[in-house]
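Reader: I would like a close look at a single helix of this model and at what surrounds it. Please take it piece by piece and keep to what can be computed from the atoms.

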Amino acid sequence: MAGDGGTSLLGWAVRGAAAGAAGTTALNAVTYLDMAVRGRPSSSTPERTVETLAEKAHVPIPGDGATRQNRVQGLGPLTGLVAGVGVGVLVGLVRAAGFRSRPLVGTLLVTAGVLVSTNGPMTVLGITDPRTWSATDWVSDLVPHVAYGAVVTTTLDAFDR
């Protein structure tokens, strides 16, 4: 099955994965810059998500003490990478179906999608509650996700040229 411009569905999925990886890099860069500028700590929500998912799935995280905690600290950011690349794949598949939009609209749609795909599970699991976030919390979360959306959209638009 070929997507727009003769590129296969798999080809658009791979392009989406590349765009998602680039977007995730942008999101991480903006997040780390914010941490450096404001002197704020990293978020513990990725690690808490790993702990909660493991508990709910009845899958133990192996190791004792520091070894187990190191695994959790490694798995937390990996969940973000998987989500970022996964959303990129989905956006690539949407492109394969022929959907195109103006860059600003695409950025906003991708941003909304990645916000829901990352914050949604953490909200459902009770790890966070966006209704209780301060304005600073929202900006700290929203700005990196907008960077993700902009980079994913720009990267996929470049593949159309």
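Author: What follows is an account of helix α4 and its surroundings. The model is a predicted one, and the values below are computed from it.

α4 covers residues 103-124. At 1.5 Å a residue, its 22 residues should span 32 Å, and the C-alpha atoms at its ends are 31 Å apart, so the two values agree. The helix does have a bend: about 25° at threonine 118, with proline 121 following within four residues. After α4 comes glycine 126, which has a positive phi near 80°.

Next, the buried side. The buried residues in α4 are Gly106, Thr107, Val110, Thr111, Val114, Leu115, Thr118, Asn119 and Met122. In an α-helix there are 3.6 residues a turn, so residues three or four places apart point the same way. Threonine 118, where the bend is placed, is itself one of the buried residues. The cover over these buried positions includes α2 (45-57), α3 and α5.

Two of the residues just listed, Val110 and Val114, also belong to the largest nonpolar core, which has 11 residues. The other members are Trp12, Ala19, Leu27, Val87, Val91, Ala96, Tyr148, Val152 and Leu156. α1 (9-38), α3 (65-96), α4 and α5 (135-160) each supply at least two residues of this core.

Valine 87, a member of that core, gives a local view of the packing. Beyond its neighbours within four places in sequence, valine 87 is in contact with Val114, Ser117 and Tyr148.

Alanine 96, another core member, lies in α3. Its relative accessible area is 12%, under the 20% cut-off, and therefore it is buried. Alanine 96 and leucine 10 are 86 residues apart in sequence, yet their C-alpha atoms are 9.0 Å apart in space.

α4 also takes part in the largest pocket, where about 1,200 Å³ of space lies. That pocket is lined by 42 residues, and Ser43, Thr45, Pro46, Met122 and Asp141 lie nearest its centre. Met122 is thus named twice: it is among the buried residues of α4 and among those nearest the pocket centre. Each of α1, α2, α3, α4 and α5 supplies at least two residues of the lining.

One further residue, outside α4, is worth a note on backbone geometry. Histidine 58, in the loop between α2 and α3, has a positive phi of about 55° although it is not a glycine. Most residues other than glycine have a negative phi. Histidine 58 counts as exposed because its relative accessibility is 71%, over the 50% cut-off.

Methods. Residues are numbered from 1 along each chain as its sequence is written. This is a predicted model: local features need pLDDT of at least 70, side-chain atom pairs count only at pLDDT 80 or more; totals for chains, interfaces and linings use all residues. Side-chain values use heavy atoms; hydrogens and water are left out. A nonpolar core is a set of buried Ala, Val, Leu, Ile, Met, Phe, Trp, Tyr and Cys residues joined through side-chain atoms within 4.5 Å. Buried means under 20% relative accessible area, exposed over 50%, partly exposed in between (1.4 Å probe, protein chains only). Contact means heavy atoms within 4.5 Å. The expected span of a helix is 1.5 Å times one less than its number of residues. The bend at a residue is the angle between axes fitted to the seven residues ending there and the seven starting there. On a 1 Å grid over the protein atoms alone, a cavity is a set of points where a 1.4 Å probe fits but cannot get out, and a pocket is an open set with protein on both sides within 12 Å along at least five of seven lines; lining residues have an atom within 4 Å of a point. Grid points are joined across faces, edges and corners, and a volume is the space filled by probe spheres set on the points.
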